[in-house]
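Here is a set of questions and answers to read alongside the sequence and the model.

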Amino acid sequence: MKRLAIVLSIIIFCLIGGFTFSENNQHSASAGAEARYEDVVEEKVDVVEESIDAEEIQEEIQEEIQEEIQDHEETDTNMNNTIEESESVNKKSEEKASSNDDHTSSKKVFLTFDDGPTTLTPEILRILNENNVQATFFVIGRLAEENPDLIKRTYLEGNMILPHSHTHDYAIYSTFETFYEDFYKVEETLNNILGIEVPPVFRFPGGSSNQSSFKYGGKQFMPRLTEDVKEKGYYYIDWNVSSGDAGSDYNNKTKMVENVINGANNKDFIVVLFHDVSRNTRVAEILPEIITSFKEKGYEFRTFRDITEEELDKMVQLKLANKPIIR
Ligand SMILES: [Zn+2]
């Protein structure tokens, strides 16, 4: 009996111990499972949080875009709105663009249009927009006064507006006084229309080495005037590729395309000269082909609106800006 009791005790002890052991085992197994489950849950939470973050960011971006579109619609429909408003819009989009675009591309092209605004300008703007590129317009103050909305629109669409001349009459090259009187007039006109202070960058009528000045101020007039404007802190801009649209080629599409394509050959840094004068409808017709050609060759389209100091230095180096006139 006593033996039986001992045996029973041993069996009971073993059973209890076994239970406890298996319970522990189960517990630790379940703890492992729980740990794994927690990991999985945490991972899932992370994933969910990430997707919430992404969703939130996406929503934020969409809201911002919506706001910008509204801002643009407002400025487009009401040209009397101040430029300051759109400046912030432009800054925003510039900030966005700057993350993908640090202007380090080795090939750059600046499209420039002189002597506008005219009836051709809206067509040029349409083509630039369609091709998602911007340009610089060296405008005539007298025409800007007659078409302030077109000046604003050109600027609002991301292009640059800079002074060329108020009258574009070569008699401005008679004396320093006649030159600066005309120049300050166009500068002031643009400042008033755009509500900004345009930077000290312009293009001389006929370019810095023009000969039209000879009969007014004499041969030494441009060498002296160019030095004077430099001392005043201005940059005058010329070009290294001309479409030939100011001369007899203005009606010859093949010739103008050739002028630009051949002129650009072996050049990595280009300022192209066009004129958005009303007779130049053929310039508008060849513009898409020219833009496509530069795109295919890997050029980055740049304007004087956000030109970097490095780019301006390069222009001086290449004598595209502040070219010394020696006669
Ligand atoms: Zn001109």
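The questions below concern a predicted model.

Q: How many helices and strands are there in the protein chain?
A: The chain has 327 residues, and 31% of them are buried. Its secondary structure amounts to 11 helices and eight strands.

Q: Among contacts between residues at least 6 apart in sequence, what share join residues at least 24 apart?
A: The count leaves out pairs that are not at least 6 apart in sequence. Of the contacts that remain in the protein chain, those joining residues at least 24 apart make up 77%.

Q: Are helices α3 and α10 roughly parallel or roughly antiparallel?
A: Helix α3 covers residues 121–130 and helix α10 covers residues 281–296. Their axes lie 10 Å apart and pack at an angle of about 10°. Angles under 35 degrees count as roughly parallel. That makes the α3 and α10 pair roughly parallel.

Q: How many residues of the contact of α3 with α10 are charged?
A: From α3 come E123, I124 and I127. They meet A284, L287 and P288 in α10. The contact divides into five nonpolar residues, no polar ones, and a charged count of one.

Q: What length is expected for helix α9 at 1.5 Å a residue?
A: Helix α9 spans residues 253–264, which is 12 residues. From first C-alpha to last, α9 reaches 17 Å. That is close to the expected 16 Å.

Q: Within what arc do the buried residues of α9 fall?
A: The buried residues in α9 are M256, N259, V260 and A264. Seen down the axis, they line one face of the helix, because they fall within an arc of 110°.

Q: Which residues are exposed on the other side of α9, and against what do its buried residues pack?
A: On the side away from the buried residues, T254 and N262 are exposed. The buried residues pack against strand β6 (241–242), strand β7 (269–275) and helix α10.

Q: Is N266 buried or exposed?
A: N266 follows α9 and sits in the loop between α9 and β7. Its phi is positive, about 65°, although N266 is not a glycine. A residue counts as exposed with 12 or fewer other C-beta atoms within 10 Å. N266 has 6, so it is exposed.

Q: Where is N132 found, and is it buried or exposed?
A: N132 also has a positive phi, near 55°, in a residue other than glycine. It is found in the loop between α3 and β2 (136–140). There are 10 other C-beta atoms within 10 Å, so N132 is exposed.

Q: Which peptide bond is cis, with omega near 0°?
A: The bond leads into P117. That proline lies in the loop between β1 (108–114) and α3. The cis bond runs from G116 to P117.

Q: Within what arc do the buried residues of α8 fall?
A: In α8, the buried residues are F221, M222, L225, T226 and V229. They line one face of the helix, because seen down its axis they fall within an arc of 120°.

Q: Which exposed residues does the face of α8 turned away from its buried side carry?
A: The buried side of α8 packs against α6 (176–194), α7 (214–217) and β5. The face turned away from that side carries R224 and E231.

Q: Where is K232, and how far is its C-alpha atom from that of P200?
A: K232 lies in the loop between α8 (221–231) and β5. It has 9 C-beta neighbours inside 10 Å, so K232 counts as exposed. K232 and P200 are 32 residues apart along the chain. Their C-alpha atoms are separated by 9.1 Å.

Q: Why does Y236 count as buried?
A: Y236 is found in strand β5 (residues 235–236). The cut-off for a buried residue is 20 or more other C-beta atoms within 10 Å. Y236 counts as buried because its number of C-beta neighbours inside 10 Å is 20.

Q: How far apart in space are Y236 and P200, C-alpha to C-alpha?
A: Leaving out residues up to four places away in sequence, Y236 touches residues including F202, R203 and F204. Other partners include T226, V229 and N322. Y236 and P200 are 36 residues apart in sequence. In space, their C-alpha separation is 8.5 Å.

Note on methods
Residues numbered from 1 in each chain as written. Predicted model: local features only at pLDDT ≥ 70, side-chain atom pairs only at ≥ 80, totals over all residues. Axes fitted to C-alpha atoms, helices over the stretch in contact; angles between N-to-C directions. Helix = DSSP H or I, 4+ residues; strand = E, 2+ residues; numbered from the N terminus. Parallel < 35°, antiparallel > 145°, perpendicular 65-115°, else oblique. Contact = placed C-beta atoms within 7 Å. Nonpolar A, V, L, I, M, F, W, Y, C, P; charged D, E, K, R; others polar. Expected span 1.5 Å × (residues − 1). Arc of directions from axis to C-beta.
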